[in-house]
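Okay, thanks for coming, everyone. I'd like to walk you through one structure today, and you can follow along on the screen.

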Amino acid sequence: QVQLVESGGGLVQAGGSLRLSCATSGRTFSNLPMGWFRQAPGKEREFVASIRGYGSTSYADSVKGRFTIFRDSAKNTVSLQMNNLKPDDTAVYYCAAKSRVSGPYDSWGQGTQVTVSS
């Protein structure tokens, strides 16, 4: 398994930006499929964005054009740049990793709070 630690959450006004980072340790990072998820109060956890080992990305429709996922292999981090934030983006954001490309996300971070005020 891989250990994941998120950072970068906080309080921001609508229209603002935040960058979340996920530090990884415990195994080779560069080929891990990784993703960001979020969970708002009273709602189920939902997919936000993912990046595969060779850099292909995917996004939830609600964040397309506003969020960007990218990795820094030298630093063993995967980050989520969030622009034009909306109050609906308020949630706890989780970093996740897969140990197998075809498997489930089986390593999770502890989460970081993002609050967007209107």
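I'll take the disulfide, then the strands, then a few single residues, and finish with the pocket.

One thing up front: this is a predicted model, so please keep that in mind throughout.

Let's start with the cysteines. How many disulfides does a search of the whole structure find? One. That disulfide joins Cys22 to Cys95, with the sulfurs 2.1 Å apart. Where do the two cysteines sit? Cys22 is in strand E3, residues 18–25, and Cys95 is in strand E9, residues 91–98, so the bond ties together parts of the chain that are 73 residues apart in sequence. Is the disulfide left-handed or right-handed? The torsion about the S-S bond is about -80°, so left-handed. And for those of you who like to think about solvent: Cys22 is buried, because its relative accessibility is 0% and buried means under 20%. Cys95 also comes out at 0%, so Cys95 is buried.

Staying with E3 for a moment, let's look at what pairs with it. Strand E1, residues 3–7, runs antiparallel to E3, and the two share five bridges. If you want one to click on, Val5 has Ala23 as its bridge partner in E3.

Now, E1 shows a nice pattern. As a rule, side chains in a regular strand alternate between the two faces of the sheet. Which residues of E1 point to one face and are buried? Leu4 and Glu6. Gln3, Val5 and Ser7 point to the other face and are not buried. Yes, one of the buried pair is a glutamate, Glu6.

Just before E1 there's Gln1. Gln1 is exposed, since its relative accessible area is 69% and the cut-off is over 50%. Its C-alpha is 6.6 Å from that of Gly26, which is 25 residues away along the chain.

Next, the two hairpins. Strand E4, residues 34–39, pairs with strand E5, residues 46–51, in the antiparallel sense, over five bridges. Trp36 is one of the residues involved, and its bridge partner in E5 is Ala49. Six residues lie between the strands of this hairpin, and among them you'll find Gly42 with a positive phi, near 80°.

E5 then goes on to pair with strand E6, residues 57–59, again antiparallel, this time through three bridges. Here you can look at Ile51, whose bridge partner in E6 is Thr57. The hairpin of E5 and E6 has five residues between the strands, and Gly55 takes a positive phi near 100°.

Those two are glycines. Which residues other than glycine have a positive phi? I've got two to show you. Asn76 has a phi near 55°, and Asn76 sits in the loop between strand E7, residues 67–72, and strand E8, residues 77–82. The other is Asn84, with phi near 50°, in the loop between E8 and E9. Are they buried or exposed? Asn76 is partly exposed, because its relative accessibility is 31%. Asn84 is at 42%, so Asn84 counts as partly exposed as well.

Over in strand E8 we have Thr77. Thr77 is buried, with a relative accessible area of 16%. Thr77 and Thr24 are 53 residues apart in sequence, yet their C-alpha atoms are 6.0 Å apart in space.

Back to the loop between E8 and E9, where Asp89 is found. Here's a charged residue with a relative accessible area of 1%, so Asp89 is buried. What is it in contact with? Leaving aside neighbours within four places in sequence, Asp89 is in contact with Arg38, Arg66, Phe67, Asn84, Val114 and Val116. So we meet Asn84 again on that list.

Last stop, the pocket. The largest pocket has a volume of about 230 Å³. Fourteen residues line it, and those nearest its centre are Arg38, Ala40, Lys43, Glu46 and Asp88. What kinds of residues make up the lining? Eight are charged, four are nonpolar and two are polar. You'll recognise Arg38, which lines the pocket and is also one of the contacts of Asp89.

That's my tour. Happy to go back to any of it on the screen.

Key. Residues numbered from 1 in each chain as written. Predicted model: local features only at pLDDT ≥ 70, side-chain atom pairs only at ≥ 80, totals over all residues. Heavy atoms only, no water. 1 Å grid on protein atoms, 1.4 Å probe; cavity = no way out; pocket = protein on both sides within 12 Å on 5 of 7 lines; lining within 4 Å. Points joined across faces, edges and corners; volume = space filled by probe spheres on them. Pairing = 2+ DSSP bridges. Helix = DSSP H or I, 4+ residues; strand = E, 2+ residues; numbered from the N terminus. Disulfide = S-S within 2.5 Å. Buried < 20%, exposed > 50% of the residue type's maximum accessible area, 1.4 Å probe, protein only. Contact = heavy atoms within 4.5 Å.
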